Amino acid sequence: MLGILGTTALLLDGGPDDSWGRPRERAVLATLLVHANEVVPVEELARWVWPADKPVSLQPRQIFETYVARVRRTLARLPAPPALRAEGDGYRLVVEPARVDFHLFRELLAEARTLTAEDPRRVVDLVEGALWLWRGLPLADLTTEPALAWRDRVLHEEWLGAHTMRVRALFDLGQYEEALAALDELLNDFPNDEHLVHLTLTGLYRRHRLAEATRFFLRAWHRLRAEGDGRAARQLRRHHLALAAAQPAPAVPQPTMVPRGLPSEVPDFVGRRAELVVLDDAAARRSGVVVLEGPGGVGKTALAVHWAHRVRNRFTDGDLFVDVRGGSAVDDILTAVGQPPEQTLSRRKRERLLALLTAGRRMLVVLDDVRDAGQVRRLIELMPSCFLVVTGRQRLSLPGVDVRRVAVPPMSDDCGIALLSLRAPGRVRNTTGLGALCGGLPLLLDVLAGQLTGAPSTQLDELTARMDRRRRLAVVGEHGQRTSPGESCLTWAYHSLAAPERRLFRLLALHPGTDIAIEAACACDGRTTAETLVSITHLMAARLIRPTESLDRFGRHEVLREFAARCLERDEPEDDRRAAHVRLLDHFIGLTTRAARMVCTGAEPAPDQAGDGAARFADAEEAIAWFTRERLALPAVVRQAYDAGCHVQTWLLADPLARLVEWFGGGADSTEIRAFALEAVRAVGADEAPALHHLGVAHLMAGHQDAARRCLEAALRMPLDDHLHVSVADRLGRLAASRGDTAEAYTLCHRAAVIAERLGAVGDLAWLHCRMGQALHAGERLEDALVHLRRARTLARQDGARAAEVASLVELAAVHRELGDHRAALTHCEDALAVAEEIPDLQAAARICVAMAELGRECRLFDDAVSYARRGVATLQGTQDLAAQAGVVEALGDALHHSGEPHEAVVTWREAADLYGFAGLSAMTARLRGKMDLGRVGGTVPPARAGSLAPGGIERSLPPVPHTFNGHADG
């Protein structure tokens, strides 16, 4: 095989050899391989081989004869060397095309094209085989103009064409996620390729990722228009509209994947026949709840996972394993079904989305290590058709819930010995009483197996005798104290470790999680990384920690963490314990600070701000992956730091952690973290105002307006720097506006605006003028409102604050509409819509479409009103904010009714009522039912028909339609 898809190589059995000759010789062979079986004149060879900036020899024929002779000697190394002949004024390389990687690539693609309609799986295999031939850029040894032009054509037409053929075949197979991942990578290299953009949009629609499809379309469309490619922009819009028209309206979010999220099957599972029978019996019902109760380490999780693997085929809608300790169970399940929650969704809306996505679906969900009955009760209410298996140490009180409780007792001696024999084969000499030594707990039996496996064969009898002695001391300890069998086993295993491993084992108790990064273990240990890794290896061999699927992490059972905590308290000097805790906290502070900067602001922190360990994040994607893994443990780290009196570290860790949690939409979760930060600030005597401000913002995100106002008002009474003063007053002004106190809202925003103008904070000033205009509008001071809103728009344009520009334009339209100047209102709406789509902000764009539909109705432009409303519905198709989607669908129904289509209006209102129902807004649903009844009985003549149907041209209309300008109809 000869290769030019990369460097010019001889592809022998041992792999590609591209060091066989000098650069010009490799260039000659590459050119002949491109033109295989064709005569290549010497002049053409010279054009391909010699760069333009280097003159060709006066006698190129003689030079090429030398190169060709060397190439022939190289080809002679091949088992069946191709013939390189001199013909006429050039050279011909006679070779079978299948022996040249480029020509073989073409042959495979040609075969794939013949099968596109009948065998897409074979197409994928052929294309992937063809793409595997590529080792890099083709003709990598040539830099001449003809070679570069050939390379560019092959990349764009053939290599890219191969990838698009594979993507289309994946579409035909229904493997949309794999296809979209491939398209995403291709668009990074070819962002302006029209075909790739169309394919990506098609894939997003077929995968029902409709909101993402709309955002993708708007970004691509605006980019094409900005580049002056109007033809491509128009074609893309037509393609988008055709895809959107094929979707049902309204398109509610749907699961885009069947989750299969169980952990790996438990190895060497033994016993539990009675419990498995109870679980099988419970699963015969379509849905239900089974609670596995028992002490830590008794094997509840192993039983749940083993049983779930046995029956997972019964649950066609998928299976999940969720660790609920971090409070993110709803988000985890949404992500597992292919609908990761949008950042702006509140907790209540996420729960309603989960209820919608799992309605009528039969999934198997294992909820592990549950300690809060309220959490389980809420998930039961949200997923009534699913089968839930709950594990917990404590009895969960679930009154009114049909629960099947299964007590998981310790293993019998026979089962314990069977498990021990499987996990330490050939190492158990005397089985008498070993089950009692471990208290019948599989966790401790596994620890014991680790001790037996690691012991030399010559010491097994002595080791067994020592274990038996430990068993006899299980009830009354060596010094007369009472101990449990399990405690005795762990104490024996702990003392069997060498001193460095004992120290690391107990120091790991400072980490509150059960999934630990090796970097965090190194921070606890304080030794070199190599030394810590050796100790981690020994602890794994002793089964006191366990490997995980990630090579840079390890796991630990909660029971072992609790035992390690007792050892830490007893054996580690207080100063050493505190020093290790501070090292661990500094590790988390560095990483969390860098992650927050990279994820929330997109900025790179200075090295002295990031901490030593933080340099490991190459980009925001890595930072997000790290935070996702650590999200369960980090809040507990903050609590531990505060409880230990490490107030400075609590403060430094809580702020970036809360920003990350808030960025991921967990406003309710951030309030506790911010509260710890405030208490820590008070403890060290630092300035409380910033912490109060942050806590107030967290309460706002969680929907706790009274708590937010108390925090912000307390901050405002303190000495504030100007930037903080602006933010606090602005937020208090928004709170005042939300409760209808427009005078207070204006006063607070004006106070903030004076300071912002002094600071030259143009973006803040734009928002503040917009809010003052909104307050004046609400207070019916329309002319004064226009002054502030025009100023807001000017400042927003000056600062590039697109969201502020949209808000000011929308409010300007509302004021002009109230003044009766519908033309100006419509112009402002059109400007606002263009900016909102360019951002893109789908919710804002949809609200603007609703406002334009209302303006169209008022101006009796009924067809335009329907068109705008449909555009708003299409914009929010498939978004997760069901209430906002219901609002635009209702507006479409109103527009249809007024345009003279009462029956279609009733159908559309029914769809809006369903969406309100999905969103849990029963009052809105009831109001729409009344509107539908009115439309059905024909008691109202739609205005578009009133001129022709009503006597004398007198118009009759519905009662005033609730105002939906801000996206939420007034109840």
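**A tour from a small sheet to a pocket**

Begin by selecting strand β14 (residues 553-555) together with β13, which run antiparallel to each other and are joined by two bridges. The model in your viewer is a predicted one, and residue numbers count from 1 along the chain. Within this pair, look for R546, which stands opposite G555 of β14.

Now add β12, and an open sheet of three strands appears in the order β12-β14-β13, with antiparallel pairing. The edge strands, each pairing on one side only, are β12 (515-517) and β13 (546-547). Next select helix α22 (residues 518-525), which packs on the sheet by touching β12 and β14, and whose direction makes about 75 degrees with that of β12.

Move on to the largest nonpolar core, a set of 138 residues in which F64, F105, L139 and I848 have the most contacts. Colouring helix α6 (residues 145-173) will show the largest share of this core, since 12 of its residues come from that helix. Apart from this core lies another, of 94 residues, with V270, L510, C524 and L544 among them.

Then centre the view on F105 and display its surroundings: leaving aside neighbours within four places in sequence, F105 is in contact with L5, A130, L131, L133, W134, E158, W159 and A162.

Finish at the second largest pocket, which holds about 490 Å³ of space. Of the 24 residues lining this pocket, select A244, R870, R871, V873 and A874, the closest to its centre. To see the elements that give two or more residues to the lining, show α9 (210-226), α10 (230-245), α40 (862-875), α41 (882-898) and α42 (902-918).

Note on methods
Predicted model: local features only at pLDDT ≥ 70, side-chain atom pairs only at ≥ 80, totals over all residues. Heavy atoms only, no water. Core = buried A, V, L, I, M, F, W, Y, C linked by side-chain atoms within 4.5 Å. Buried < 20%, exposed > 50% of the residue type's maximum accessible area, 1.4 Å probe, protein only. Helix = DSSP H or I, 4+ residues; strand = E, 2+ residues; numbered from the N terminus. Contact = heavy atoms within 4.5 Å. Pairing = 2+ DSSP bridges. Axes fitted to C-alpha atoms, helices over the stretch in contact; angles between N-to-C directions. 1 Å grid on protein atoms, 1.4 Å probe; cavity = no way out; pocket = protein on both sides within 12 Å on 5 of 7 lines; lining within 4 Å. Points joined across faces, edges and corners; volume = space filled by probe spheres on them.
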